[in-house]
Amino acid sequence: MRTTNYLLATQKAIPKDADIISHQLMQRAGMIRKLSSGLYTWLPLGLSVLRKVEKIVREEMDNIGTMETLMPLVQPSNLWEETGRWDKFGPELLRISDRHNRSFVLGPTHEEIITDLVRNEISSYKRLPLSIYQIQTKFRDEIRPRFGVMRSREFVMKDAYSFHLSKSSLRDNYEKMYQAYCKIFDRIGLRYRAVLADSGNIGGSNSHEFHALADSGEDLIAFSNKSEFAANIEKADALLPKTKRKMASESLKMVYLPEVNDVDELAMEKKLSSSSFVKVIFVKASNVVGSNIVALVIRGDHQLNEVKAEKLPEVEFPIHYVDEKEIFELTGASIGAHGPVNLNIPYIVDYSASVISDFVAGANLDNNYYFGINWVRDAKIDRIADIRNVAEGDPSPCGQGKLSLKRGIEIGHIFELGDYYSKAMNANVLDKTGKNRTLEMGSYGIGCTRVVAAAIEQNHDEFGIIWPESIAPFNVAIIPINMHKSSSVQRATEMLYNTLASNNVEVLLDDRKERLGVMINDIELIGIPHILIISERNLKEGIVEYKNRLTGNKEKMQIENVISHFN
Ligand code: ATP
Ligand code: MG
Ligand code: MG
Ligand code: MG
């Protein structure tokens, strides 16, 4: 590929609404463009990375005997009524109707659709177990789309579903999926952990989330320092008896500091305010050395309808100033845009990350001050005081060692669902004895688009993205100096480009009439692992300069050795 034929769309400026590095770099490298809130166009550069992720996912799914299929994005509402999720799913489910006034949803996930297929197609145990996957666009009307494709409304998920006669068969498949997920994330080159997760309100017994480790991650995961135990914070919390915790629940209150910046969402302030809300306001003055975080926690909220951003410092409520170091000491965790903050204040507010994402609104006052406002619908302070998360240093629920907390990005999630969907939708088969049996079901997701962003969170430097080889959009970039003026540079460049390409090396030739610095900056920004710089001076000695994007090391390479180097 030549840059002059390519939609190279690099940008210098850091986009205003992008506050994690992967979002900034995806925008700056020209991988994605925002169409509207939570909706992104994938430009050629981004798409080729996404396709590589999908290819790895496909290969590992195929390897364990899961079959690819493709189900519609638009799903009839009656199936969602059958399972009760029409009511349960809430506003994340985008409901639409057609010209005949029949209602549909844009699929946030496909359990209903696959179960409908299987109940119609499969009637005998002889056809089981059955495992099916697809790589498809999902739509979730996230209350707060953010971080680019990390939490978008439209995103690509690999979702797989399996059906079994027995729980033990389901368990076997779950184990296979678990291993396949490890292979996928190993091949992509992510640093990740599989952690125990709650199977939530859909029943089922066993569930794991796969988290890419990153300080910018929205989720907290808890590890034992003495064993293999690892769980997401909700699960760790559910497993650890309150009595075993290090600190009395009165002395330490955990509040997640939300990341806030959308002026637009101030509008939500009005909509969500009602008498039964608890309101929490955080102010962060990031211009102050040591970055003071001011937290203001208020019960009830009648007066708060009046609170405007500018008036914050005057409101008469308990305010606690805590500096970042102190927070760090209390939690042992670092403060990201929405890191955990423990505050010793008269009111205890404690809620999970998912509740936050449901009820966050915020505003950007200027570059120095952020404030966020959360409402916890119908929260009662007494009850909330009861549900305190585990914290750093608590004993591990496994009985060995203490817990430490890290931030993670949920890139995959597997569930043993059991018979929740198959029971509700009458998905049965006849067993050997001719008896009707409800199917056992598993469901397994990977956020393909989110994986791309997570890979960037883990692989970048001040110059841009550093792609792991496995998902790099191109493996080699050729940067010729003065190609348009020097015939020897042009000849060598064309020769190298053609030979590499015909050896199946994915190569990008920067044939623009640009200065070397501009070309290098762009190539480093978009993260191509290997860079060849071709100059007239070096050619006289039969060499080209090679630069490794990851190590920054430069070396002179004989032209005739270049091809073998990349084969
Ligand atoms: P989250 O907790 O981040 O909201 P989830 O638990 O709702 O994710 P699942 O239903 O488990 O998501 O879906 C499977 C995978 O799809 C997730 O592990 C994640 O990688 C991806 N995913 C979910 N929601 C989004 C989103 N809004 N944008 C991008 N990827 C997503
Ligand atoms: Mg979600
Ligand atoms: Mg989740
Ligand atoms: Mg999940």
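Two residues are in contact if their C-beta atoms, placed from the backbone, lie within 7 Å.

**Figure 1. The whole protein, a predicted model.** Among contacts with a separation of 6 or more, 71% are between residues 24 or more positions apart. The protein has 17 helices and 30 strands; these are DSSP runs numbered from the N terminus, with at least four residues (H or I) for a helix and at least two (E) for a strand. Of its 567 residues, 43% are buried. Buried here means that 20 or more other C-beta atoms lie within 10 Å of a residue's own, exposed means 12 or fewer, and partly exposed is in between, with C-beta atoms placed from the backbone. Local features need pLDDT of at least 70 and side-chain atom pairs count only at pLDDT 80 or more, while totals for chains, interfaces and linings use all residues. Residues are numbered from 1 along each chain as its sequence is written, and chains are lettered from A and ligands numbered from 1 in the order in which they are written.

**Figure 2. The surroundings of ligand 1.** Let's meet the neighbours: of 15 residues around ligand 1, Phe155, His413, Gly445, Gly447 and Arg450 come nearest. A residue is near a molecule if its C-beta atom, placed from the backbone, lies within 6 Å of it. Two or more residues of this shell come from each of β8 (154–164), β20 (403–418), β23 (440–447) and α13 (448–458). Strand β20 gives the largest share, four residues.

**Figure 3. Helix α14 and its two sides.** Helix α14 spans residues 487–502, and its 16 residues reach 22 Å from first C-alpha to last. That is close to the 22 Å expected at 1.5 Å a residue, where the expected span is 1.5 Å times one less than the number of residues. Val489, Ala492, Thr493, Leu496, Tyr497 and Leu500 are buried in α14. They lie on the same side of α14 because they cover an arc of only 130 degrees around the axis, taken from the directions from the helix axis to the C-beta atoms. On the other side of α14, Ser487, Arg491, Asn498 and Ser502 are exposed. The cover over the buried residues of α14 includes β26 (476–480) and α17 (559–565).

**Figure 4. The hairpin of β5 and β6.** Strands β5 (residues 94–97) and β6 (residues 103–106) run antiparallel and are joined by four bridges; strands pair if DSSP finds at least two bridges between them. Look for arginine 95, whose bridge partner in β6 is valine 105. Five residues sit between the strands, and asparagine 101 takes a positive phi near 65 degrees in this hairpin.
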